[in-house]
Amino acid sequence: MVVFRFVFLLLSCILLLTGCWDRKEVNDLAFVLGTGFDKLDKNKYRTSVQVPLPGNSGQSGSSSGGGGAGGSAPYYVDSGQGRNIRESNDDLQSRMSRELFFSHRRIIIFGEELARNGFHDSLDVIIEQPQSRLSSSVFVTEGKAMDILNSTPHFEQFSSETIRELAKGGVRRSVKELINDIYNPGIDPILPIVSKSMTQNNDEENKKEEIEISRLAVFKDDQLGFFASTEESKGIKWIISEMDDQTYTYPVKDTKEMNIRVTNEKLKINHTVKNNLPKFTITINLEARVEQNEADLDFDNPSEYELAINKLESSIKKEVTSILNRSQEEGIDIAGLGYHLYQSDSLTWDKYWADDWRTILKDTEITTKINAEIIRNTSPGITIKE
Amino acid sequence: MKQVISSFQLAIFIANLIVSASLITLPQILTQIANQNAWLTPILVTPFLLGLVVLAVGKGNVLQEKLKQHSMMHRLLKVTVGFLLITIYIRDLRAFTDFTMEALLPKTPIVVTMLLISATLYYICAAGLEVISRITLIQFIVFSVIVLSLPLMLTNEINWVNYMPIIQTNMVANLTKSSFELLPWVGEFVVLIMLLENKNCNKSIKKMTIYGVGFGILLLTILVSLNIAVLGQEIVSKTTYPNYRMIQEIHLTDFLDRLDLVIVILWMPVFLSKLCIVLYLIDKTLFQTREDNPTSMFLFPTILTLGILSMALFKTSMVHLRFTFLTWTIIGLVLEIFIFLFILFIRYLPSHNSE
């Protein structure tokens with residue numbers, strides 16, 4: 001009986017060893033920090049990955065940040081090609097001694113060519129992969145995504161980390177938000193554009209490469225519509241309510257500007273329907289505090305306060321109206337006006353507008369109203385006049 | 001010695017039966033049918049269920065006494081319950097092994113996972129009902145705390161706009177279809193009627209049954225609602241394991257990130273507890289003849305046979321999903337209707353002891 005129990009105990013232990021089947025050592029994994037997707041040709045894609053090199057991370061040559069594609073860089077970038085994203089991953093894996101591990105991927109960059117041709121298949125891969133996270137940030141670039149991963153910014157060790165941190169302070173779109181924007185009716189997605197730039201330090205020989213996110217790309221479903229200019233991007237940020245805690249500069253007098261920081265911004269869409277055609281009023285309510293009063297306006301003086309407010313409202317209105325007109329002409333709904341109709345008047349939306357919204361959008365009238373208030377200003381506060 | 005459970009343990013069993021398996025893939029199906037209004041489905045089904053409970057169980061003491069008798073109707077009830085339990089066990093075991101293979105252990109053969117789970121279940125079941133009830137109680141309370149705190153943990157990810165529009169074309173038809181899909185899942189608790197004779201007293205049976213049903217539905221509603229609020233209807237419709245995707249979105253701070261594995265580990269014992277009680281009831285209804293034995297000698301062969309069937313009957317995961325959400329919906333509903341009718345017969349017909 002004792003022998004039987006001993007044997008049974010041994011056999012039980014063997015059964016528990018099956019847990020080693022999926023054993024993965026950390027040093028057998030290649031942690032992917034960022035991925036770039038490019039389209040090379042019809043039915044030919046390139047997937048590039050940025051993978052940290054743990055052995056090089058602590059070296060003095062790289063301790064001040066920055067990296068590169070070789071040498072003692074703390075990371076390296078490699079790519080694979082295939083007929084789809086999965087196949088290009090497999091091609092890449094054939095050259096890697098460690099298994100690609102996507103659970104820590106924080107950024108995904110789409111190249112321009114792929115963005116123009118539509119990328120929802122690539123997004124679906126992310127949903128299908130159990131490792132992938134829906135919270136990864138998505139970007140688009142003018143040119144090749146791989147070039148961005150190869151760049152060498154200075155503050156952070158990895159370009160992926162730089163891009164992620166830059167996105168935190170501006171417009172950020174996760175995979176989850178992007179998918180919802182593509183598939184929800186009556187709204188088109190926006191993505192931040194990540195690009196390379198050079199430092200502006202007046203030293204021609206020592207200009208360094210940096211990464212910049214200052215503009216936005218507008219999409220029609222999952223296909224690139226256009227790259228917005230800097231001015232248009234500001235208008236888009238107002239429309240998608242991404243100006244909270246952002247700074248804004250506008251002219252007040254001839255060569256004098258006012259710098260403000262938006263403390264609270266809310267967008268409200270109202271609509272009326274006449275002859276089955278909707279008419280929209282977009283109202284932007286914002287509160288701001290002054291960061292720099294270059295024009296030296298006295299906010300205690302009602303007329304000067306009104307001047308500051310009026311200039312602010314007209315500047316914002318100009319930017320918003322400009323981008324709305326452009327996107328309306330192209331049948332792109334960046335403000336989600338159709339989505340607003342779908343949510344507030346779903347039965348009418350299904351009946352009259354759902355099938356042909358892009359055409360109807362071009363004929364709709366959109367009125368923009370801005371209500372701004374400066375709630376805090378810099379010194380001096382008030383002046384007690386004698 | 002006869003094994004007894006308390007009223008509270010009975011309520012926990014009921015809640016566990018309702019929620020622990022339903023949360024795996026059912027929210028995806030409900031969202032595919034009812035879109036962003038899928039969260040209304042458990043709420044719509046609740047009054048119907050509670051009405052059935054009141055009608056069938058009554059105060060519970062009469063039913064408890066009548067279930068101790070023996071008649072052809074009792075045998076039919078036991079066989080029907082046993083058959084329903086077998087389908088539930090096979091379905092849930094395969095769902096669990098598929099999830100484990102997909103999300104946790106992709107390289108481990110599915111048969112090995114099944115054997116490990118079966119060995120664990122045998123170990124717990126062989127100890128008897130009281131052990132199963134104590135394990136269920138502890139694990140389910142922890143699990144409930146997690147689910148009830150999920151709205152707080154996901155506050156920064158919730159987008160209320162995802163619930164809109166509430167009024168939609170074909171809304172009534174869609175909700176009716178999703179209710180039809182959900183009903184057999186939440187109606188599974190009817191099999192616990194076989195535990196009434198193990199209850200320690202005849203008091204508060206109806207009250208605790210209602211509490212158990214209500215709490216299970218509450219947890220399920222919270223999960224389905226959060227799926228839609230956090231992920232959006234489109235992603236939930238496309239994801240086989242929407243709750244798993246949802247808990248991956250938990251990001252309290254950079255430090256309190258990636259809590260998904262922790263939550264899955266806390267959910268697993270709850271699910272295994274459900275399988276334990278299902279197995280125990282299969283053994284009790286179909287094989288057990290003596291009250292002084294916690295289980296019969298057929299328990300181990302039953303576990304092995306059902307485990308093999310869960311692998312052999314479904315060649316692929318797609319076959320299993322189609323069985324679960326198309327075939328089993330009808331099988332489960334029909335069997336539950338029969339069980340309900342048998343309970344009514346047993347409760348309302350005069351006492352008839354054939355032995």
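Is R258(B) buried, exposed or partly exposed? The close-ups below come from a predicted model, and the opening view takes up that residue.

**View 1. R258(B), a non-glycine residue with a positive phi.** Here we're looking at the loop that runs between α11 (242-247) and α12 (260-286) of chain B, where R258(B) sits. R258(B) counts as partly exposed, with a relative accessibility of 25%. Its phi is about 60°, a positive value even though R258(B) isn't a glycine.

**View 2. D221(A), another loop residue with a positive phi.** Over in chain A, D221(A) lies in the loop that links β9 (209-220) and β10 (223-227). Phi comes out at about 55° for D221(A), which again is not a glycine. With 34% relative accessibility, D221(A) is classed as partly exposed.

**View 3. The cis peptide bond between M164(B) and P165(B).** Omega for the bond joining M164(B) to P165(B) is about -10°, and the bond is cis. P165(B) belongs to the loop between α7 (129-153) and α8 (171-186) of chain B.

**View 4. S159(A) and its buried surroundings.** S159(A) is part of helix α6 (residues 159-168) of chain A. How much relative accessible area does S159(A) have? The value is 0%, so S159(A) is buried. Its side chain makes a polar contact with the side chain of Q50(A), at 2.7 Å. Setting aside residues up to four places away in sequence, S159(A) touches Q50(A), I148(A), L149(A), S151(A), P153(A) and I211(A). For a sense of scale, I190(A) is 31 residues from S159(A) in sequence, and their C-alpha atoms are 22 Å apart.

**View 5. L67(B), a buried loop residue.** Find L67(B) in the loop between α4 (61-66) and α5 of chain B. Its relative accessibility is 10%, and the cut-off for buried is under 20%, so L67(B) counts as buried. Beyond its neighbours within four places in sequence, L67(B) contacts H74(B), L77(B), I193(B), L196(B) and E197(B). G128(B) is 61 residues from L67(B) along the chain, with 20 Å between the two C-alpha atoms.

**View 6. Helices α5 and α6 of chain B, crossing obliquely.** The axes of α5 (residues 72-104) and α6 (residues 110-125) come within 10 Å and cross at roughly 125°; the two helices are therefore oblique to each other. The crossing is right-handed. On the α5(B) side, the contact residues are Y89(B), L93(B), R94(B), F96(B), T97(B), D98(B), T100(B) and M101(B), while α6(B) brings I110(B), T113(B), M114(B), I117(B), S118(B) and L121(B). These contact residues split into eight nonpolar, four polar and two charged.

Notes: Residues numbered from 1 in each chain as written. Chains lettered and ligands numbered in written order. Predicted model: local features only at pLDDT ≥ 70, side-chain atom pairs only at ≥ 80, totals over all residues. Heavy atoms only, no water. Helix = DSSP H or I, 4+ residues; strand = E, 2+ residues; numbered from the N terminus. Buried < 20%, exposed > 50% of the residue type's maximum accessible area, 1.4 Å probe, protein only. Contact = heavy atoms within 4.5 Å. Polar contact = N/O pair within 3.5 Å; in protein donor to acceptor, adjacent residues only side chain to side chain. Axes fitted to C-alpha atoms, helices over the stretch in contact; angles between N-to-C directions. Parallel < 35°, antiparallel > 145°, perpendicular 65-115°, else oblique. Left-handed = near helix turned anticlockwise from the far one by under 90°. Nonpolar A, V, L, I, M, F, W, Y, C, P; charged D, E, K, R; others polar.
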